[in-house]
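This report covers a ligand site and the packing of helices. The site comes before the helices.

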Amino acid sequence: MDKLLGYALSDKPITIYEEEYKTPEYYWGLEPSQACYEVLKLMPPTKHLKLLDIGCGEGKDAVFFARNGYDVTGFDVSDAGIEKTKRLADKVGVPIRVFKADILDHRLDSSFDIIYSSGVLHYIKPEYREEIFSNYKQFTNPNGIHVFNVFVNKPFIAPPPEYEPNAYQWISGELLTYYHDWLIQDSSEVIFDCNSSGIPHQHAMTKLIAQKASYS
Ligand SMILES: C[S@@+](CC[C@H](N)C(=O)[O-])C[C@H]1O[C@@H](n2cnc3c(N)ncnc32)[C@H](O)[C@@H]1O
């Protein structure tokens with residue numbers, strides 16, 4: 001498989017992170033993303049809450065949520081990432097459901113209280129977005145929340161050093177357009193430094209926290 005092309009011989013897209021995840025080190029570290037704490041603040045696990053982590057990577061956030069008492073399901077397209085997530089959950093001694101799926105193909109057929117995703121939504125092709133977010137919204141319990149981080153394109157920030165043929169840019173405000181009928185708890189944007197690939201660079205990211213009404 002040619003890592004740069006990001007395609008296996010079957011022509012099925014796989015992530016550039018598959019090889020990185022095969023090493024014992026945690027490519028993304030073990031510290032949970034900041035957005036995890038927003039979930040804890042907004043919807044603390046004082047009752048049984050089902051949480052989905054879309055593109056869970058090596059599991060740092062999914063396992064953090066499980067440790068804090070959420071009922072966690074995660075999926076990712078990377079086999080190595082899924083194995084690492086399972087191993088991390090076993091090591092910490094928390095239950096977690098993880099499976100392999102491509103965000104473009106997978107649709108929800110059961111409901112969650114919290115749908116969470118960090119650094120993954122740019123793998124959704126623009127023409128799939130409306131349908132996929134409609135599915136995620138439909139399969140969210142009343143009062144449930146979506147907590148998403150999405151990379152957005154800015155003309156004053158250079159493209160990231162990793163070449164990803166299966167990544168599709170978002171623009172500022174685009175994610176918000178799918179949530180006009182939900183309560184927007186946050187829709188802010190940050191620019192941050194990143195050192196992935198060992199090359200210092202920057203990203204612009206939109207954070208979206210939206211809550212479904214209690215009566216729907
Ligand atoms: C930037 S990493 C973020 C990982 C994790 N959310 C975290 O914050 O540690 C992006 C993740 O998206 C996954 N990914 C890439 N393409 C995907 C797809 N089509 N479907 C599902 N996951 C995908 C990668 O395997 C990788 O784990």
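In this predicted model, the shell around the ligand draws at least two residues from α1 (17–21) and at least two from α3 (60–67). The shell holds 19 residues, and those that come nearest to the ligand are Tyr21, Gly55, Asp76, Asp102 and Ile103. By class, nine residues of the shell are nonpolar, six are polar and four are charged.

Nitrogen atoms of the ligand lie close to polar atoms of Val77, Asp102 and Ile103, within the 3.5 Å that a polar contact allows. For Asp102 the partner is an N or O atom in the side chain, whereas Ile103 offers a polar backbone atom. Val77 likewise takes part through a backbone N or O atom.

| Residue | Protein atom | Ligand atom | Distance |
|---|---|---|---|
| Ile103 | polar backbone atom | nitrogen | 2.8 Å |
| Asp102 | side-chain N or O | nitrogen | 2.9 Å |
| Val77 | backbone N or O | nitrogen | 3.4 Å |

How much of the ligand does the protein bury? The ligand taken alone exposes 600 Å², of which the protein buries 93%.

Helix α3, which supplies residues to the shell around the ligand, also packs with α2 (residues 34–42) and with α4 (residues 79–92). Two packed helices are described by the angle between their axes and by the distance between those axes.

For α2 and α3, the angle is about 25° and the axes are 10 Å apart. Because angles under 35 degrees count as roughly parallel, α2 is roughly parallel to α3. The crossing of α2 past α3 is right-handed.

For α3 and α4, the angle is about 30°, with 9 Å between the axes. This angle makes α3 roughly parallel to α4. Here, α3 passes α4 in a right-handed crossing.

Methods
Residues are numbered from 1 along each chain as its sequence is written. This is a predicted model: local features need pLDDT of at least 70, side-chain atom pairs count only at pLDDT 80 or more; totals for chains, interfaces and linings use all residues. Side-chain values use heavy atoms; hydrogens and water are left out. A residue is near a molecule or strand if one of its heavy atoms lies within 4 Å of it. A polar contact is a pair of N or O atoms within 3.5 Å; within protein, one must be able to donate a hydrogen and the other to accept it, and residues adjacent in sequence count only if both atoms are side-chain atoms. Accessible areas come from the Shrake-Rupley method with a 1.4 Å probe; for residues, only the protein chains shown count as cover. Helices (H or I, at least four residues) and strands (E, at least two) are DSSP runs, numbered from the N terminus. Ala, Val, Leu, Ile, Met, Phe, Trp, Tyr, Cys and Pro count as nonpolar, Asp, Glu, Lys and Arg as charged, and the others, Gly among them, as polar. Axes are lines fitted to C-alpha atoms, for helices over the stretch in contact, and angles run from 0 to 180 degrees between N-to-C directions. Angles under 35 degrees count as roughly parallel, over 145 as roughly antiparallel, 65 to 115 as roughly perpendicular and the rest as oblique. A crossing is left-handed if the near helix is turned anticlockwise from the far one by less than a right angle, and right-handed if clockwise.
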